[in-house]
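Please open the model in your viewer and keep the selection tool at hand. The tour goes from a pair of strands to a single loop residue, and then out to the chain as a whole.

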Amino acid sequence: MKCIVVDDEPIARRGIKKLVSKISSLELVGAFESAETAADYMKDNPVDLIFLDIRMPGISGIEFARKIPETTLIIFTTAFAEFAIDSYEVDAIDYLVKPIKPERFSKAVEKAIYYHEMLLSEERNTNVEQVENSFMFIKSDRRFFKVNFDDILFIEGLKDYVIIQSESQRLITHMNLKTIHEQLPQSQFIRINRSYIVNKDRINSFSNNDVFIDKYEIAIGNFYRDSFFESLMGQG
């Protein structure tokens, strides 16, 4: 995958370049100090993945993300955790808070590579094939998978795809989040931000801002907060 780094801090650019250099599947083709210079480069050069800071002089990372091609993936790299919700609005692959640990960086890249491969796949019409009371069949990677509702931890939307995450597997299929939500038991699954639906029965704990399921932490969007607490607690 061809990638670039966009960050106004020279030390941060060097740090991310070092992390990129350790992953053979990534090819770093540029490092830029502003969204404007990155945009100029991308006019004539295809980029698969951007490691993008958020707070920068001029155009912010969020603003820039709204203008890039649909096929270009984004991993935000920032010192400010409070922008996580904003990252869902632009379908970011992941959100890394500085200082970035190598293992966390590798996990985000693995997710980007997986999604990139699906975008390049010839299969474009996979979806929910059958829905029963306690399970559904999902067509993914030219196979049919039986997915028990009780086994689903959460479902994540990424552009025109959804990722169904269970304890044992991760399935990706060509569908938007709204469509698959309509296929699920509404009493069991609830949308908590623009990009995530969670299984209420699999929630381990939650705060005013986040839901914790197994090893995953998922932010609660402001628009969805009241309905989430009402659904779980019976109150606004």
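Two strands are taken to pair if DSSP finds at least two bridges between them. The model is a predicted one, and with that criterion in mind you can begin by selecting residues 189–193, which are strand S12, together with residues 196–199, which are strand S13. These strands, S12 and S13, form a hairpin with two residues between them; they run antiparallel and are joined by four bridges. To see one pairing in detail, pick isoleucine 190, whose bridge partner in S13 is valine 198. Colouring by accessibility should then show S12 as mostly covered, since five of its five residues are buried.

Next, select isoleucine 220, which lies in the loop between strand S16 (216–219) and helix H7 (225–233). Is isoleucine 220 buried or exposed? Its relative accessible area is 1%, and because buried means under 20%, isoleucine 220 counts as buried. Leaving aside residues up to four places away in sequence, show the contacts of isoleucine 220, among them Ile85, Ile192, Asp210 and Phe228. For a view across the model, draw the C-alpha to C-alpha distance from isoleucine 220 to valine 20, which is 30 Å for residues 200 apart in sequence.

Finally, zoom out to the whole protein chain, which has seven helices and 16 strands. Its radius of gyration is 18 Å, close to the 18 Å that the globule rule gives for 236 residues, so the chain is as compact as a globular protein of that length. Along its principal axes the C-alpha trace spans about 55 × 40 × 30 Å, and buried residues make up 50% of the 236 residues.

Technical notes. Residues numbered from 1 in each chain as written. Predicted model: local features only at pLDDT ≥ 70, side-chain atom pairs only at ≥ 80, totals over all residues. Heavy atoms only, no water. Buried < 20%, exposed > 50% of the residue type's maximum accessible area, 1.4 Å probe, protein only. Contact = heavy atoms within 4.5 Å. Rg over C-alpha atoms; globule rule 2.2 N^0.38 Å.
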